[in-house]
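Colleague: Could you take a close look at one part of this model for me, the place where the chain's charged and aromatic side chains come together around a helix of your choice? Please build it up step by step, and then set it in the rest of the fold.

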Amino acid sequence: MIEIITPIFYKVLYMSVLGTILGILAMVITKIFNTKITAKWKCFILIIPLLLLVIPINRIEINTKSNIPISQTIDKFEESINNNYDFLNTNNKEEITENQSNVAIEKVTQSNNLNKLIPIVWFIGLCVYAISFIIKNMMLMFKVKRLKKVDYCRVNDILNSCTNKLKVKKKIKLCLLDENTSPCIYGLIHPKILLPKDFLLKEDDIVKNVFLHEVSHYKRKDMITNFILITMMAIHWFNPFTYIFFRRIRQEIECATDEVVLRDMSKNEKKQYGFTLVSLLQTCENKKEIVKTLCVVDSNKNMEQRIKMIKRTGTNIYLKRIVGIVSLIVIIICSLPFIIKTSAYENNVISSSNSIEGKWVPYMAKKNEEEIPLSYIYGSGVTEYGGSLNVNEDGTYTEFIGVYSPDIIDSKMGEYEKIDDNVITLISNSGDTKEFVMLENVNTEGKTAVLKSERNNEYIYFKK
């Protein structure tokens, strides 16, 4: 079980950190241009960091004339995260012989315990959050099934007019709650608008505005977005930023829904819509049991922002659209280093004058075209004590293939044969292994070689 949880956790941790960095940038941009961008474009901008939190991305490597600093920083972070995830931790004890020190054994044991404990704690938190949500959702689902369906002709006629206006063909039912909660829409497949007990006594304009708002949520498919946010909250529960970020997205979703409703309204209708929000804020409560649903009533601060937005609706439309598009392009460009890694080069040809002798240090490993931690190849101590391939002038080589501490280093020695300017063959003294080293390019940091291990289809990237 731990073998499954551990790689998932470290991938989630990597995604969470990158999503946080880009999310902070997106929130800063939307804050600076708060009144210059519509809520719709703010949602688009905030969705870009959300994708980093949702989709596991393997960065694409490309060659460039020079290294990009931020890309190098992300490379180092990615390597540190991957090196903490060690597939061989469970086997390290077996590789330690009787002649090796007890101190080294204790270090490996402590490393094993820590690497196992952190993913388990994350998984427990994930299960607790998920179970809590499922229980609350089932309680609300059973409660909704028992609710009285609204069959007042006046209210149903208003709802039909709203669905027709927004061109929504889906049949949306109305249910009456016993509590004085905020009106909200609930259900992904069979949507229902949940109404407070005294809602049917309100004026037609208020009823109409509420229905327009909730039906707009359905038209925009906001329930799906909300469900994704809840799922991501369970996965990234350990990251405090996600709570702030996801709350911000929900606030912008409400504002974007208001924009849909206000789009074709007259000045007096917009004023009445604002009065509706104020009236609901004064008379309705936002109960915890439906806090994860899409409610008309929001926090006092966001309700104030929404009312101010109503006054700005319809002004400088083209300017807001241009600023929104430019801001979206900026956040997309800023996200590129998170999905693309750069490798600087001078040329792609190794001439015969290029020497291969010297010490080569591993910095990346791949298996089946997917990047894996160096510790998968060399052992848990590779980042602290190093590993290397030493190519000597006398035609011999030494490769440190297992590094666990300064006193525990496994090495493999042999001779190498130069096949051509780009390929050499490593032949161990025991004669049981033969490996190829292919010199791929020359970059600003030195020659880079790819070591292919035929037994496991593993590639190790070295640099001088």
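**A close look at helix H7**

Modeller: Let's begin with Asp 204, which is partly exposed, as its relative accessibility is 40%. Please keep in mind that we are looking at a predicted model. The side chain of Asp 204 forms a salt bridge with that of Arg 154, at 2.3 Å from N to O. Asp 204 belongs to helix H7 (residues 204-219) and Arg 154 to helix H6 (residues 153-165), so this salt bridge ties together parts of the chain 50 residues apart in sequence. Arg 154 is partly exposed too, with a relative accessible area of 35%. Cys 153, by contrast, is exposed at 59%.

Now move along H7 to Phe 211, a residue of that helix. Its relative accessible area is 0%, so Phe 211 counts as buried. Once neighbours within four places in sequence are set aside, Phe 211 is in contact with Val 155, Ile 158, Leu 159, Cys 162, Leu 174, Ile 193, Leu 195 and Phe 199.

One of these contacts deserves a second look. The whole structure has 8 aromatic pairs. In the pair of Phe 199 and Phe 211, the ring centres are 6.0 Å apart and the planes meet at 45 degrees, so the pair is tilted. Phe 199 sits in the loop between strand S5 (192-195) and H7, whereas Phe 211 is in H7 itself, so the pair ties together parts 12 residues apart in sequence. Phe 199 is also buried, with a relative accessible area of 0%.

How does this fit into the wider interior? Phe 211 is one of four residues, with Ile 193, Phe 245 and Phe 246, that touch the most other members of the largest nonpolar core, a set of 67 residues. Helix H9 supplies the largest share of that core, with 10 residues. Apart from this core there is another, of 16 residues, including Ile 356, Ala 365, Tyr 378 and Leu 389. In soluble globular proteins, nonpolar side chains tend to be buried together.

H9 is worth following a little further, since charged residues turn up there as well. Arg 248 and Glu 252 form a salt bridge of 3.1 Å, N to O. The two are 4 residues apart in H9 (residues 240-262), which means about one helical turn separates them. Arg 248 is buried at 12% relative accessibility, and Glu 252 is buried at 6%. Another salt bridge joins Asp 258 and Arg 306, at 2.6 Å from N to O. Here the partners lie 48 residues apart, Asp 258 in H9 and Arg 306 in helix H11 (residues 300-312), so distant parts of the chain are linked. Asp 258 and Arg 306 are both buried, whereas Asp 204 in our starting pair is partly exposed.

To finish, here is the setting as a whole. The structure holds 5 salt bridges and 0 disulfides. The protein has 14 helices and 16 strands, and 47% of its 464 residues are buried. Among contacts with a separation of 6 or more, 66% join residues 24 or more positions apart. About 24,200 Å² of the protein is exposed, with carbon and sulfur atoms supplying 58% of that area.

Key. Residues numbered from 1 in each chain as written. Predicted model: local features only at pLDDT ≥ 70, side-chain atom pairs only at ≥ 80, totals over all residues. Heavy atoms only, no water. Buried < 20%, exposed > 50% of the residue type's maximum accessible area, 1.4 Å probe, protein only. Contact = heavy atoms within 4.5 Å. Areas by Shrake-Rupley, 256 points an atom, 1.4 Å probe, with all protein chains shown as cover. Salt bridge = Lys/Arg side-chain N within 4 Å of Asp/Glu carboxyl O. Disulfide = S-S within 2.5 Å. Core = buried A, V, L, I, M, F, W, Y, C linked by side-chain atoms within 4.5 Å. Phe/Tyr/Trp six-rings, centres within 6.5 Å; stacked < 30°, edge-to-face > 60°.
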